[in-house]
Amino acid sequence: MGIKSLSALSLMAMLITACSKAPEPMPVSTPEPTESKSDTLQGGTDYHSFANPDEIRVKHLNLDLTVDFAEHVLSGIATLDVERIKKDVDTLVLDTRDLAIENVQVDGQAVPFALAESDTHLGSALRIELPAGANRVSITYKTSPEASGVQWLTPAQTAGKAHPFLFTQAQAIHARSFIPLQDSPQVRITYEATIRTPKELLAVMSAANDPDTERDGVYEFNMPQPIPSYLIALAVGDLAFKSMGERTGVYAEPSMLDAAAKEFEDTQAMLEVTEKKFGDYRWDRYDLLILPPSFPFGGMENPRLSFITPTVIAGDKSLVSLIAHELAHSWSGNTVTNATWRDLWLNEGFTTYLTYRIMEMVYGEKREQMEFVLGRQSLQDNIDSLPEQDEILAIDMRGRDPDEVFSDIPYEKGALFLRELEQKVGREAFDQFLMNYFEHFAFQSITTDEFVAYLNETLLKEHADKLSKERIHEWIFSPGIPSAAPEAQSDAFTLVDAAREQWLSGQLAAENIAAADWNTHQWLYFLNNMPESLNIEQMMELDRAFSLTNVGNNEIAHSWLMLAVKHWYEPAFDRLHRYLVSIGRNKLVKPLYRALSETEAGKAMAKKAFEEAKPGYHPLTVKANEGFVQ
Ligand code: BES
Ligand code: ZN
């Protein structure tokens with residue numbers, strides 16, 4: 001990786017700066033993240049940014065970038081408008097990672113800057129000396145081909161096989177790998193951008209997109225609402241657009257477009273029920289972008305344009321809760337934002353709660369109950385394997401890489417907590433509370449403590465007889481799940497349990513299981529709850545009866561392949577290999593790599609797949625799995 005050569009480049013940049021008669025470059029040192037001198041955890045302190053927004057705060061970004069597919073480099077100028085908070089401070093501190101800073105200018109004049117040595121998790125602080133009174137600064141820079149927040153795909157890695165593709169993924173702390181900025185969720189900025197691409201490609205961003213824009217290789221964007229840096233996103237490829245409703249549409253490679261529009265045709269209905277219940281949708285349009293399968297997440301809630309894995313296009317809408325989830329972030333996350341990564345549960349827990357509600361409103365109670373049972377089981381699996389300190393909603397993230405602290409806790413435990421609040425005060429009162437909460441904190445970034453204070457002032461006051469501070473504290477600051485938490489139950493799963501038991505006890509042959517009408521959730525529940533004692537003959541019998549090795553649904557395939565690894569069912573290994581080399585979504589591949597790594601023979605298979613897949617994997621997928629194949 002080019003860290004060494006980058007610091008050489010930045011040294012050169014400083015020399016250039018010095019040559020252009022600017023004051024001497026500042027000494028290079030590694031500054032501590034703001035306020036981290038204290039040993040006690042400070043709520044509200046962002047331990048994952050070097051920036052100094054409490055002194056000088058970035059308010060607006062103007063980006064002018066050229067996309068170079070040959071070199072895998074974005075290059076151009078980021079112009080930042082800042083607000084001077086402390087009048088006597090002239091040093092603007094930004095976050096960067098592996099960026100080559102060519103020059104920094106104010107009013108066309110070079111100003112001194114220094115790029116600190118790189119911290120493994122946080123990258124390098126960029127310190128810029130602003131002349132007195134200056135509040136606009138332009139940084140000319142280039143990204144590294146290894147930028148952690150950018151994936152460059154060859155034509156072969158796309159559906160169309162004819163054009164290259166590029167996408168960014170900024171959450172949690174990767175925006176700094178493609179834009180020098182204050183990369184903290186408590187800094188909200190508006191932005192505009194000009195993106196220059198090869199003429200035949202289309203660029204889209206987390207901003208206002210014009211589906212009818214001329215394909216001329218120069219694309220203009222504007223995001224008029226202040227957003228945190230982790231929501232800045234760009235994708236470039238051979239993209240087409242199809243409308244799905246008045247305010248909703250989908251961008252995808254042409255060959256995927258119709259299937260995607262069909263699969264996600266309920267997006268408009270989801271949007272409408274959500275705003276009716278929880279307050280206006282504040283972002284104008286809501287479009288989806290379908291990415292190539294290497295996208296490392298299921299989805300990413302980039303405002304106005306969620307980024308979506310193609311692995312959820314199942315043909316029967318069985319996996320569309322992902323869309324409900326990314327849409328729900330338009331309220332919880334994008335309108336009200338976590339102030340630090342410790343507070344991630346405010347984004348993901350609220351969103352997971354809203355997702356259940358949306359699924360119930362659009363697809364009915366039965367569907368919601370099944371998804372709740374599956375979510376609840378997955379949470380329990382996490383709790384059984386995580387260390388206690390990682391089971392806490394308001395998790396201590398100091399010194400840790402947010403990418404490595406990823407679990408169901410902020411999602412399902414956060415949502416379970418809100419479900420309990422709802423059950424205690426009643427749905428009507430809770431919905432009103434949520435609507436007020438989104439309104440009250442709109443376009444702000446808040447901490448767990450601010451949420452708790454708001455809860456104390458509102459719901460807790462109104463329902464003092466039903467809620468207690470101690471219980472709320474237990475949910476947020478203790479490991480595990482409080483006793484007597486809401487239970488998940490689904491009648492649709494009762495018959496699945498019965499079928500599994502009868503089959504396991506030999507009373508029923510697999511081919512006689514009445515599974516013809518089972519839906520995806522029932523299959524997931526059937527497979528995810530197989531006992532350790534399952535044997536090869538039983539795996540074979542299931543496969544003969546239901547062709548599970550060839551199942552099309554990627555989630556069912558995941559559950560089946562997990563069983564195949566655990567019980568060493570070799571007939572599925574071909575599919576397992578194809579699965580691992582064609583999908584980059586970490587939630588699907590990482591548990592498989594982990595399970596494989598537990599035996600010698602498994603590790604050999606994992607190694608083979610990983611080496612073959614690696615050139616096509618996203619940097620995050622490489623980082624998350626390389627430890628399993630060493
Ligand atoms: N915002 C997250 C993805 C994320 C979280 C990226 C933290 C980096 C750091 C997104 O909304 C998400 O939760 N995706 C899930 C969706 C699932 C829970 C429905 C995913 O990708 O699996
Ligand atoms: Zn999410």
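Which residues in helix 3 meet D431, L434, M435 and F438 in helix 8? In this predicted model, the residues of helix 3 that meet those four positions of helix 8 are K276, K277 and F278. The two helices pack with their axes 8 Å apart and at an angle of about 95 degrees, and because angles from 65 to 115 degrees count as roughly perpendicular, helix 3 is described as roughly perpendicular to helix 8. Sorted by class, the residues of this contact comprise four that are nonpolar and three that are charged, with no polar residue taking part.

Helix 3, which spans residues 267-278, also packs against helix 4, formed by residues 321-328, and here the axes come within 10 Å and cross at roughly 45 degrees. Helix 3 and helix 4 are therefore oblique to each other, and the crossing in which helix 3 passes helix 4 is right-handed. On the side of helix 3 the contact is made by T267, M270, L271 and T274, and on the side of helix 4 by I323, A324 and L327. Five nonpolar and two polar residues make up the contact of helix 3 with helix 4, and no charged residue belongs to it.

Helix 8, residues 427-440, has a further packing partner in helix 7, residues 409-425, with the two axes 6 Å apart and at an angle of about 125 degrees. Helix 7 and helix 8 are therefore oblique to each other. From helix 7, the residues L418, L421, E422 and V425 meet R427, A429 and F430 of helix 8. The contact of helix 7 with helix 8 holds five nonpolar and two charged residues, whereas polar residues are absent from it.

The surroundings of ligand 1 were examined next. Sixteen residues lie around ligand 1, and of these Q171, G298, E301, E326 and Y411 come nearest. In the case of Q171, a polar atom of the side chain is placed 2.7 Å from a nitrogen atom of the ligand. Oxygen atoms of ligand 1 are approached by two histidine side chains: an N or O atom in the side chain of H325 is 3.0 Å from an oxygen atom of the ligand, and a polar side-chain atom of H329 lies 2.9 Å from an oxygen atom of the ligand.

Two features of the backbone complete the description. Most residues other than glycine have a negative phi, and most peptide bonds are trans. Against this background, the peptide bond that joins Q171 and A172 is cis, with omega at about 0 degrees; Q171 is thus a residue of this bond and also one of those that come nearest to ligand 1. A172 itself is located in the loop between strand 10 (165-168) and strand 11 (188-196). D107, although not a glycine, has a positive phi of about 50 degrees, and D107 is found in the loop that lies between strand 4 (100-106) and strand 5 (109-110).

Key
Residues are numbered from 1 along each chain as its sequence is written. Chains are lettered from A and ligands numbered from 1 in the order in which they are written. This is a predicted model: local features need pLDDT of at least 70, side-chain atom pairs count only at pLDDT 80 or more; totals for chains, interfaces and linings use all residues. Side-chain values use heavy atoms; hydrogens and water are left out. Axes are lines fitted to C-alpha atoms, for helices over the stretch in contact, and angles run from 0 to 180 degrees between N-to-C directions. Angles under 35 degrees count as roughly parallel, over 145 as roughly antiparallel, 65 to 115 as roughly perpendicular and the rest as oblique. A crossing is left-handed if the near helix is turned anticlockwise from the far one by less than a right angle, and right-handed if clockwise. Contact means heavy atoms within 4.5 Å. Ala, Val, Leu, Ile, Met, Phe, Trp, Tyr, Cys and Pro count as nonpolar, Asp, Glu, Lys and Arg as charged, and the others, Gly among them, as polar. A residue is near a molecule or strand if one of its heavy atoms lies within 4 Å of it. A polar contact is a pair of N or O atoms within 3.5 Å; within protein, one must be able to donate a hydrogen and the other to accept it, and residues adjacent in sequence count only if both atoms are side-chain atoms.
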